[in-house]
Amino acid sequence: MNDLISVPCVLMRGGTSKGPFFLASDLPADQAERDQILLSVMGSGHPLQIDGIGGGNPVTSKVAIIGPSAVPGADVDYLFAQVRVDQQMVDTSPNCGNMLAAVGPFSIEAGLVSARGATTLVRIHNVNTGKLIEAEVPTPDGKVAYLGDASIDGVPGKAAPIALTFMDAAGARTGKLFPTGQSLEYIDGIAVTCIDCAMPMVLFDAEAIGATGNETAAELNADKSALGRIEALRMEAGRRMGMGDVSDQVTPKPVLVSKPKGNGDINVRYFMPHQCHPSLATTGAVGIATACIARNTVASRLTGLRAPPLVLSIEHPSGHLDVKLQERDGKIVAGILRTARRLFEGHVFAKPTKRLFCAA
């Protein structure tokens, strides 16, 4: 017994990200009050998030909120929240495809979806974007399997495979694949592609900001000059994409593209947006791969224009990520293999908000 707020919580790894998963019914319905709970839980406003369970990095300062879906064709609603490490700020404008990998397993174990056969299909409505994603979760013997032989770059060891299919990711935030009406344009003399597919992004050649594209994430994070140029491009791209002043938003995400150094099709460095991702966001991979099959983008100018069905291999700082692209009913469907793991379950404690909320 104490003076803190106790909220049921499950900590999960989804893809190359990690964070707490909550049932929507266990959090305040009021958005402002809910966000205050999340900021307290994660310990935001400190570089180490020392007073919370956040990991001091954007990939470990993420939250998933899950509940039954009222949307036709979906089993559950998934609201993603990017909780800023350095600021008291919660951004629910983007989706997160890595955390998405854990939504299916969590939903089954929370009793929101019943296990069906050796593999259970969980249809997920992403509240952030209004898009539908299908997750195929291994459920032998009627329970979620986390152990298996699949591996993904950026995560040690092996785990059970979870297949994610983005049914129609174009225009996730703005309603248009190319929100500016152009697949290629110039910002301060630099060729860029502003694309909105699973995640709003601005793509440009790494050499345009004096980089090679082969730098480590740590090297890019230490280059303050390059970070300043990247942020200036991002701000102008956000304005052109109709997103207004994006200084307090995590989108659009800047992406440096370059020729592959290995056997991949393209090499990228993805920003979140002020730090380079140690690997690659799943949603980012979907958008980058889509740019490779679109005419006259900075990506397709590097790879050569491709046509589905195909598998595109995207190199990133930790290895590579493969995206399977198909065309179905005139829409691009993207498939990605991820893994997930349940880490702990119990209650997390938050400081009281102005209006005391007590979880059931």
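These legends describe close-up views of one predicted model.

Residues are numbered from 1 along each chain as its sequence is written. Local features need pLDDT of at least 70, and side-chain atom pairs count only at pLDDT 80 or more, while totals for chains, interfaces and linings use all residues.

**View 1. The chain and its fold.** The chain has 7 helices and 17 strands (DSSP runs: H or I of at least four residues, E of at least two). Its radius of gyration, taken over C-alpha atoms, is 20 Å. The globule rule (2.2 Å times the number of residues to the power 0.38) gives 21 Å for 360 residues, so the chain is as compact as a globular protein of that length.

**View 2. Residues 355-360.** Here the pLDDT (the predictor's confidence in each residue, from 0 to 100) is below 50. Beyond near neighbours in sequence, this stretch has 15 contacts (heavy atoms within 4.5 Å) in the model.

**View 3. The largest cavity.** A cavity is a set of points on a 1 Å grid over the protein atoms alone where a 1.4 Å probe fits but cannot get out. The volume, the space filled by probe spheres set on the points, is about 70 Å³. Lining residues (an atom within 4 Å of a point) include Lys-62, Phe-80, Met-199, Lys-253 and His-277. The lining has 6 nonpolar (Ala, Val, Leu, Ile, Met, Phe, Trp, Tyr, Cys, Pro), 2 charged (Asp, Glu, Lys, Arg) and 4 polar (the others, Gly among them) residues.

**View 4. The second largest cavity.** This cavity holds about 40 Å³ of space. Among its lining residues are Thr-129, Lys-131, Ile-133 and Phe-166. By class, 5 are nonpolar, 3 polar and 1 charged. Asn-95 and Thr-283 line both cavities.

Definitions and conventions:
Side-chain values use heavy atoms; hydrogens and water are left out. On a 1 Å grid over the protein atoms alone, a cavity is a set of points where a 1.4 Å probe fits but cannot get out, and a pocket is an open set with protein on both sides within 12 Å along at least five of seven lines; lining residues have an atom within 4 Å of a point.
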